[in-house]
Number of protein chains: 2
Amino acid sequence: MLFSVDPASSAPLHEQVAASVRREMGAGRLRRGERLPSAKEAASLLDINLHTVLRAYQTLRDEGLIDLRRGRGAVVTAPDPTGQARLHTLVAELVAEARRVGATRDDLTQLIESEF
Amino acid sequence: MLFSVDPASSAPLHEQVAASVRREMGAGRLRRGERLPSAKEAASLLDINLHTVLRAYQTLRDEGLIDLRRGRGAVVTAPDPTGQARLHTLVAELVAEARRVGATRDDLTQLIESEF
DNA sequence: ACCTATTTGTCCGTATGTATG
DNA sequence: CCATACATACGGACAAATAGG
């Protein structure tokens, strides 16, 4: 199943939709070049509002995961070059910045704690 | 004038609002710690919809320029491209990626530990 | 060149929920 | 408890880009 949302979940619907797509991409069930269902169609399938789906798609676009354009729809651009590698890159950037600012390891731990 | 929009412009209203705030910050007329008018108030002043202002505020938050929170409003956190704001932006990116990949908080702590 | 259908983009309005003070 | 303020979701309307006939 490409999408699925749980109306009872506390997580916002638009986030659930975005998460669904990310999961499919991560699992390789959605690959580069593939087209996502139109927002209208997805909304109909999930029985949620068109705008809610559009918001999810726009989030994915901001993350660089899909190419979303008027009149065309949404096409997967990246299969998330993923996992640990990407995570390590971000950690390296973060630590470098922390050093520059004078933040300690504990400061970062704290920040991440609250961010989660 | 803190905000101004031109209804005739082709630029989206929410972008015009965000741009206004950025300009004020850049010019030093809005400084760290200062509070922006509530979205409702700003919308009333500009004679545009509440959601349009909220969208602009949320964009600024994503950029790390303001701290926007429920029940509190919007407070300027920048200008400070290399300070805490920047750090927070990186943390946010990292955590978002971690979620995407399925990494836990402890995984991140561990990674940072070894990076330090 | 034109027309039409599809699809996203923006904006407005309304309602309800949740966090803050 | 109450007022304020943002968050989410739904709905409607129109605009603009795209694709296809």
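A polar contact here is a pair of N or O atoms within 3.5 Å; within protein, one must be able to donate a hydrogen and the other to accept it, and residues adjacent in sequence count only if both atoms are side-chain atoms. Keep that in mind for what follows.

Some housekeeping. This is a predicted model, where local features need pLDDT of at least 70, side-chain atom pairs count only at pLDDT 80 or more, and totals for chains, interfaces and linings use all residues. Residues are numbered from 1 along each chain as its sequence is written, chains are lettered from A and ligands numbered from 1 in the order in which they are written, and side-chain values use heavy atoms, with hydrogens and water left out.

DNA strand D, then. A backbone N or O atom of Asn49(A) sits 2.9 Å from one of its phosphate oxygens. From the other chain, a backbone N or O atom of Ala39(B) lies 3.0 Å from a phosphate oxygen of strand D. There is a base contact too: a polar backbone atom of Gly71(B) is 3.4 Å from a base nitrogen of strand D.

Which residues come nearest to strand D? Leu13(A), His51(A), Thr52(A), Arg70(A) and Gln58(B), out of 25 around the strand. Near means that a heavy atom of the residue lies within 4 Å. Of the strand D atoms within 4 Å of the protein, 74% belong to sugar or phosphate, and the rest to bases.

By class, the surface near strand D has 6 nonpolar, 10 polar and 9 charged residues. Nonpolar covers Ala, Val, Leu, Ile, Met, Phe, Trp, Tyr, Cys and Pro; charged is Asp, Glu, Lys and Arg; the others, Gly among them, are polar. H3(B) gives the most to this surface, with 4 residues. Helices are DSSP runs of H or I with at least four residues, strands are runs of E with at least two, and both are numbered from the N terminus.

Now strand C. Of the 24 residues around it, Gln58(A), Arg61(A), Leu13(B), His51(B) and Thr52(B) come nearest. Sugar and phosphate make up 78% of the strand C atoms that come within 4 Å of the protein. A polar side-chain atom of Gln58(A) lies 2.7 Å from a phosphate oxygen. Chain B adds a polar backbone atom of His14(B), 3.5 Å from a phosphate oxygen, and a side-chain N or O atom of Arg72(B), at 3.4 Å from a phosphate oxygen. H3(A) supplies the largest share of this surface, 4 residues. The split is 6 nonpolar, 10 polar and 8 charged.

Back to H3(B). At its start, a side-chain oxygen of Asn49(B) reaches to within 2.8 Å of the backbone nitrogen of His51(B). Within the helix, Thr52(B), Val53(B), Ala56(B), Tyr57(B) and Leu60(B) are buried. Buried is under 20% relative accessible area, exposed over 50%, partly exposed in between, with a 1.4 Å probe and protein chains only. Why do we say that the buried residues line one face of H3(B)? Because, seen down the helix axis, they fall within an arc of 135 degrees. That arc is taken from the directions from the axis to the C-beta atoms. On the other side, His51(B) and Asp62(B) are exposed. The buried residues pack against H1, H2, S1 and strand S2 (73-76) of chain B, where contact means heavy atoms within 4.5 Å. After the helix comes Gly64(B), with a positive phi near 80 degrees.
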